[in-house]
Amino acid sequence: MAHNTTDGWFMREAIVLARRALGRTAPNPAVGAVVVRDGLVVGLGWTSPPGGPHAEVVALADAGERAAGATLYVTLEPCCHHGRTPPCADAVAAAGVRRCVVAVVDPFPAVDGGGIARLRRAGVTVDVGTAARAAADLGAGFFTRLRTGRPLVTAKYAMTLDGRVATATGQSRWITGDVARRCVHLMRDRTDAIMVGAGTVVADDPALTTRLPAEQAGDGGPHHPLRVVVDGNGSSLLSARVFARDPAARVLVATTTRAPREWSASLAREGVEVLPLGDGPLVDLGALLDELGRRGVNTTLVEGGHRLHGSLFDAGLVDRVAAFVAPVVVGGAGAPGPVGGRGVESMTAAIRLAGVRVRRLGRDVLVEGAVVKPAQEVA
């Protein structure tokens with residue numbers, strides 16, 4: 001059905017609000033809602049952390065009595081089941097909302113059109129599909145986990161113009177400039193988990209925390225995602241910064257039975273969760289993603305290194321790519337690229353991206369896109 005310009009404008013406002021909740025709502029999706037009466041915004045809301053009110057309820061509370069006879073714009077279908085909170089569809093109807101504009105239907109089995117049906121039975125006019133593509137992109141992690149049982153995986157790396165992630169001597173700081181690095185921290189702020197391999201921990205000693213001014217972060221200030229270290233042999237130093245105790249930044253180490261027992265025990269004593277996945281020498285990455293999905297992780301940002309990226313690409317486990325490209329050249333036959341692994345044998349088998357976006361970030365460029373899966377290939 002056709003959607004008017006006004007609907008599109010207010011739904012875009014709802015999408016902006018939803019972004020404030022990204023990284024903070026798992027296992028729930030990040031949703032935004034706007035209440036409009038007589039052409040004026042009278043209520044705003046976005047999803048609270050788990051256990052708190054959903055976006056619609058927050059927006060309706062903000063609107064108060066002005067919600068009666070109003071139009072509610074929401075990026076995802078209002079729920080119709082009892083979870084940690086009562087059904088949002090009931091709250092919308094009880095508030096006297098006259099019309100509800102929904103961007104996308106919620107594919108969660110307990111909802112999946114039920115919220116829309118309940119609203120219509122209550123006499124609320126419901127229109128579906130305004131800004132659907134943008135809303136679907138916003139909820140891609142949640143939708144991916146529902147469909148596959150695994151989080152949406154984004155491979156992120158920074159490389160030089162000649163495709164290197166470090167010099168031949170292993171030096172990699174800094175390839176990109178300040179603007180690009182701030183963008184990376186914004187990505188961390190909006191993701192549920194961040195993943196690196198043991199090689200990155202040894203070479204770069206990253207903290208993997210989010211460092212953003214409060215005004216640039218999402219709701220409630222900077223968010224630290226779950227930090228996941230993939231280390232099958234226990235080669236990471238126990239003194240690595242990523243293992244430092246921080247109640248706001250949890251750590252999960254995925255390893256194998258080949259890792260030294262004392263190494264695993266030492267990490268556990270420091271509050272690090274150690275998860276053996278397989279008998280080695282490599283961690284079963286599919287099993288790791290399954291476990292993250294079971295824990296309600298919707299999105300995972302993989303920051304390297306090239307071995308981990310290569311293994312994920314080889315196994316077909318990457319959903320999106322975010323490549324920062326700096327206008328510098330380092331050369332060197334021994335300088336590593338961003339993706340290792342087996343790779344492909346011909347250009348016809350190359351992994352391709354769809355929906356590619358290119359952004360300028362200071363002197364650098366960010367190229368983003370979704371990995372085209374085999375089932376999506378067009379003959």
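These are my notebook entries on a sheet, a helix, a cavity and a pocket in this structure.

**Entry 1: what I am looking at**

I am working from a predicted model. I kept that in mind throughout.

**Entry 2: the open sheet**

I started with the strands. I found an open sheet of five strands, ordered β2-β1-β3-β4-β5, and its pairing is mixed. Which strands stand at the edges? They are β2 (40-46) and β5 (125-128). Each of these has a single partner strand, so one side of each is left without a neighbour in the sheet. I also looked up the twist, which averages 15 degrees from one strand to the next.

Then I checked what packs on this sheet. Helix α1 (residues 5-19) does, and it touches β1, β2, β3 and β4 (99-104). The direction of α1 makes about 140 degrees with that of β1.

**Entry 3: β3 and its neighbours**

A reminder to myself: strands of a sheet pair through backbone hydrogen bonds, in either the parallel or the antiparallel sense. I wanted to see both cases around β3.

On one side, I looked at β1 (residues 32-37) with β3 (residues 71-76). They pair in the antiparallel sense over four bridges. For single residues, I noted that A33 stands opposite V74 in β3, and that V35 has L72 of β3 as its bridge partner.

On to β4. Here β3 and β4 run parallel, and five bridges join them. L72 turns up again, standing opposite C100 in β4.

Is β3 mostly covered or mostly open? Mostly covered: I get six of its six residues as buried.

**Entry 4: a small search for cavities**

How many cavities of 30 Å³ or more does the structure hold? I found one. About 50 Å³ of space lies in the largest cavity. I listed its lining as P29, A30, V31, T75, L76, V104, A135, L138, G139 and F143. Both β3 and α5 (132-138) supply at least two residues each to that lining, so my strand from the previous entry is back again.

**Entry 5: the second largest pocket**

Next I looked up the second largest pocket, which holds about 1,000 Å³ of space. I counted 37 lining residues, and the closest to the pocket centre are L22, D137, R320, R357 and E368.

Many elements contribute. Among those that each supply at least two residues of this lining are α5, α6 (140-148), β6 (152-159) and α7 (178-189). I also wrote down β11 (299-302), β12 (320-325), β13 (353-361) and β14 (364-371) for the same reason. Which element gives the largest share? It is β13, with four residues.

**Entry 6: helix α9**

Last, I turned to α9 (residues 261-269). Its buried residues are W263, S264, S266 and L267. Looking down the axis of α9, I see these buried residues fall within an arc of 160 degrees, so they line one face of the helix. What do they pack against? The answer is β9 (251-255) and β10 (273-276).

I checked the face of α9 turned away from the buried side too, and it carries the exposed residues R261 and R269. Just after α9, I noticed that G271 takes a positive phi of about 90 degrees.

Note on methods: Residues are numbered from 1 along each chain as its sequence is written. This is a predicted model: local features need pLDDT of at least 70, side-chain atom pairs count only at pLDDT 80 or more; totals for chains, interfaces and linings use all residues. Side-chain values use heavy atoms; hydrogens and water are left out. Two strands pair if DSSP finds at least two bridges between them. Axes are lines fitted to C-alpha atoms, for helices over the stretch in contact, and angles run from 0 to 180 degrees between N-to-C directions. Contact means heavy atoms within 4.5 Å. Buried means under 20% relative accessible area, exposed over 50%, partly exposed in between (1.4 Å probe, protein chains only). The arc is that of the directions from the helix axis to the C-beta atoms. On a 1 Å grid over the protein atoms alone, a cavity is a set of points where a 1.4 Å probe fits but cannot get out, and a pocket is an open set with protein on both sides within 12 Å along at least five of seven lines; lining residues have an atom within 4 Å of a point. Grid points are joined across faces, edges and corners, and a volume is the space filled by probe spheres set on the points.
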